[in-house]
Amino acid sequence: MGGMMKTLLENPRTAASIHDYQSFSRALVPNDCIPVVREEFVRWLAEKDIAISEAPGCLEADGARATIETIKNGIQELLFCQLVEETPAGRFTTEIHASTDGWINISVRSAERRFVSVPRIAKALMRRLDLYDASLQLLDKPMVWDIDKIDDLIELLEDDDRHGLVFVAGSRKEEGELFNPFAEILSKWAREVYGLAQTIVLTPEATQELGHRIGHYAVGPWTLRTYFPGVDHRSSVDSVRHRYMGTDQLAQQKPAAVAKLLGNAARRHAATWTEPLELMFARRNFTRAATQRLIDAIEKPKSAGLSAESGEPSIVVKKPTEIAPQTVEPSTETEEATTAVPSVRELQSKLDLVQAVLGIQDLSEAAIREAAARITPDNGTLSDEAVETIESQLVEIEELQDELRDTTDSLNDIEFEQAEYQEELQKNQSEIRWLREKLREANDYESANGVTPEDEEWVRPGSCKEVLENIAPESTVVFTGDFAEVEYIDNRDQLGRAAFNLHHAFLALEKYARAKLDNEFAGDVEEYLRNHQNGGSSISAAKHAMNESKTTMGQWGKEREFEVPATVDSGCKAVMVAHFKLHRAGMSSARMHYLDDVVRSGKIYIGYVGPHLTNTQTN
C-alpha cells in the first residue's frame with residue numbers, strides 16, 4: 001500500500017518536537033526544485049548504501065525504508081521523498097516535499113525526541129539552489145556584512161514574512177585583530193542552524209551604524225544576538241524577544257555548547273511555525289493518494305472472483321470423478337442393498353440447503369450466476385459506504401487541523417496584543433503619576449488627588465460599520481471599500497475591539513490630515529502616530545505599518561488594489577500598502593488599508609476594512 005501510508009499508520013504526524021529539524025524555503029528558480037531534490041535524495045541514499053530507482057516506489061532494506069512519489073495536481077507537480085531509518089539512537093524519519101511552484105520543505109523527526117542535526121541533504125540543496133525564506137537567504141555558512149548592507153539588514157530584521165531566525169554578531173575597531181578569529185569561530189557556533197536561520201557577522205563600521213539606526217535593538221561588539229521575525233525597533237516592549245549572548249558567556253563555553261544552544265533556539269522557534277498552506281495542501285494530497293491505494297488494496301480481493309471479460313463471478317465446474325463400472329452381485333439381505341443410500345441423502349440435503357440460501361430453484365449455471373449477481377451489489381454497496389466513511393473522516397481531520405491552526409494563531413495574536421496593551425497601560429500610568437506630581441508641585445492638590453471625571457463625549461462604537469457610516473461628508477477621510485467585508489469582521493468581533501481601534505485610527509488620520517493641510521505637520525502618518533498625537537484620540541503606532549514585505553507584494557500585491565475616485569486614478573484603482581492592525585484573532589484578524597493622498601487631493605481614502613489579506617503567514 002506504499003511507504004507513506006505505512007508511516008501514517010505507524011507514526012502519525014503530530015506537532016513538531018522542539019528537537020526536530022524543520023526547514024521551509026522557496027527557490028529562486030522554481031523549475032529546478034523537483035529534479036534537484038530527486039537527484040540529491042537518490043545521491044544521499046547512495047551515501048547510506050541504499051539503492052533505489054528514481055521511479056516512484058518504496059524500498060525496504062537493512063532497517064531503512066525509502067520512498068519517492070510524485071503527484072500531478074493540475075499544472076503543479078508535487079514530490080514526496082521519505083527515508084525511515086532504524087539506528088542505534090532510535091528511529092529517524094526524513095521527509096522532503098517539493099513543488100514545481102518552487103518551494104521545498106525538509107523535516108527530520110526523531111521518534112525518541114533526540115536533537116536532530118542539520119541533515120547533509122539540506123546543505124547539499126542550499127549549495128545547488130538559491131533558497132530563500134522570504135527575505136532570508138538560507139546558506140550553509142555565515143555571512144560577513146559591511147556598512148553598505150545595513151539597509152538590507154534592517155529590512156531583513158523587520159520582515160515578518162520570514163519564518164527563520166537571524167543571528168547577528170557585532171565587532172569593534174579597537175580590537176580589529178580579533179575580527180577574523182571571531183568570524184571563523186562563528187561558523188562553528190552556527191553549524192546547527194543552517195536551513196533554520198541566517199548567521200551574519202558585522203564589521204566594526206556596520207556594528208556602529210546599526211547601533212545608530214536602531215538603538216537598543218542593535219548588537220554589541222563581540223556579542224551575538226537572536227532576532228525573531230518582525231522586529232519592531234520603535235517599540236520598547238518588542239526588544240525583550242530578541243535575546244543575546246554576551247562576550248563572557250561566549251568565551252566561557254566551548255564551540256560545541258554554543259552550537260547546541262543556538263541549534264536548540266532555532267528548533268524551538270521552528271516548532272512554533274504555522275505550517276505554510278502549500279505544504280499543508282501537499283501533505284493532504286499525498287495522504288489522500290495513500291488512502292486511495294489502501295482502499296484499492298482492500299477491494300482487490302473482492303473483485304478477484306469476477307471474470308475479467310464479463311465482470312461476472314467466474315464459476316469453475318469440476319468434472320465428476322469417473323468411476324469404472326462394477327458388477328454388483330445381488331444380495332438377499334436388504335440391509336446390504338441399502339448401505340449407499342444415506343450418503344446420497346446427505347448430499348441431496350446439502351444441495352437443498354445451497355438452493356435455499358441462494359434462493360434458486362435449480363443448480364444450473366444460469367441460476368447460480370443470477371444469484372451471484374444479486375449478492376455482488378450488496379458487497380459493492382458495503383464497500384462504497386466504507387469509502388465514504390474514510391473520505392468523511394479525512395475531511396473531518398482536515399477541518400479539525402484547520403480549526404487547531406486558527407485557534408493557535410488566535411492565541412498567539414491575543415498574547416501579543418495583550419503585551420502591547422500592557423506596555424501602553426504602563427506608559428499611561430507612568431504619565432499619570434508624573435502629571436499628578438507636577439500638579440502637587442503647583443499646589444493643585446485637588447486636581448492631583450481627585451477622581452478623574454468620566455469623558456461624557458466618548459461613546460464606544462457598536463461596530464466597524466457604524467464607524468464608517470458616521471463619517472461626515474466634509475471629513476478628510478473617505479471610505480471607498482466594500483461593506484460586505486466590514487460586516488464579516490463585525491460578525492466575528494463580538495467584543496467590538498476592531499471597531500474600537502478603527503474609531504481611533506479614523507480620528508488619528510483625520511487629525512493628521514488637518515495638521516498637514518494647515519501646514520502644522522510635514523511628515524508621514526508613521527511619524528505623526530509616534531510623535532504628534534494627543535491622548536484624546538490616539539492609537540498605538542505599533543498597530544500601524546507603512547508597507548508590506550517584498551515577498552507579500554510579489555505574490556499577493558493585486559489583493560492590495562482598492563477602489564478610489566477617478567480624480568485620484570484614471571483606472572479607479574490604487575495600491576494601498578499602508579494599514580492598521582485593528583484586531584488580532586487568527587483568520588479573523590482585522591485590517592484597515594488606506595491611501596494617503598493628502599498632498600494631492602487633500603483626502604485619505606480607506607479602501608478596505610476586513611479580514612487579514614493573504615501573506616506568507618495567513619490561512
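**Close-up 1. G102 sits in the loop that links β5 (90-99) to β6 (103-110).** This is a predicted model, and here we zoom in on a single glycine. With a relative accessibility of just 1%, G102 falls under the 20% cut-off, so it counts as buried. Skipping residues up to four places away in sequence, G102 touches S25, R26, A27, P30 and C33. Take S25 from that list: it lies 77 residues from G102 along the chain, yet their C-alpha atoms are separated by 8.5 Å.

**Close-up 2. E40, a residue of helix α2 (residues 33-47), and its contacts.** Is E40 buried or exposed? The relative accessible area is 8%, so E40 is buried. Its side chain makes polar contacts with two arginine side chains: R43 at 2.7 Å and R128 at 3.0 Å. R128 also turns up among the residues in contact with E40 once neighbours within four places in sequence are set aside, along with I121, A124 and L125. As for A122, its C-alpha is 9.4 Å from that of E40, with the two positions 82 residues apart in sequence.

**Close-up 3. Strand β19 (residues 590-597) with its partners β18 and β20.** β19 is mostly covered, with 7 of its 8 residues buried. Strand β18 (residues 579-583) runs antiparallel to β19 and is joined to it by 4 bridges; look for H579, whose bridge partner in β19 is H593. Strand β20 (residues 603-611) is also antiparallel to β19, and 8 bridges join this pair. To find your way around it, start at R591, which stands opposite G610 in β20.

Note on methods: Residues are numbered from 1 along each chain as its sequence is written. This is a predicted model: local features need pLDDT of at least 70, side-chain atom pairs count only at pLDDT 80 or more; totals for chains, interfaces and linings use all residues. Side-chain values use heavy atoms; hydrogens and water are left out. Helices (H or I, at least four residues) and strands (E, at least two) are DSSP runs, numbered from the N terminus. Buried means under 20% relative accessible area, exposed over 50%, partly exposed in between (1.4 Å probe, protein chains only). Contact means heavy atoms within 4.5 Å. Two strands pair if DSSP finds at least two bridges between them. A polar contact is a pair of N or O atoms within 3.5 Å; within protein, one must be able to donate a hydrogen and the other to accept it, and residues adjacent in sequence count only if both atoms are side-chain atoms.
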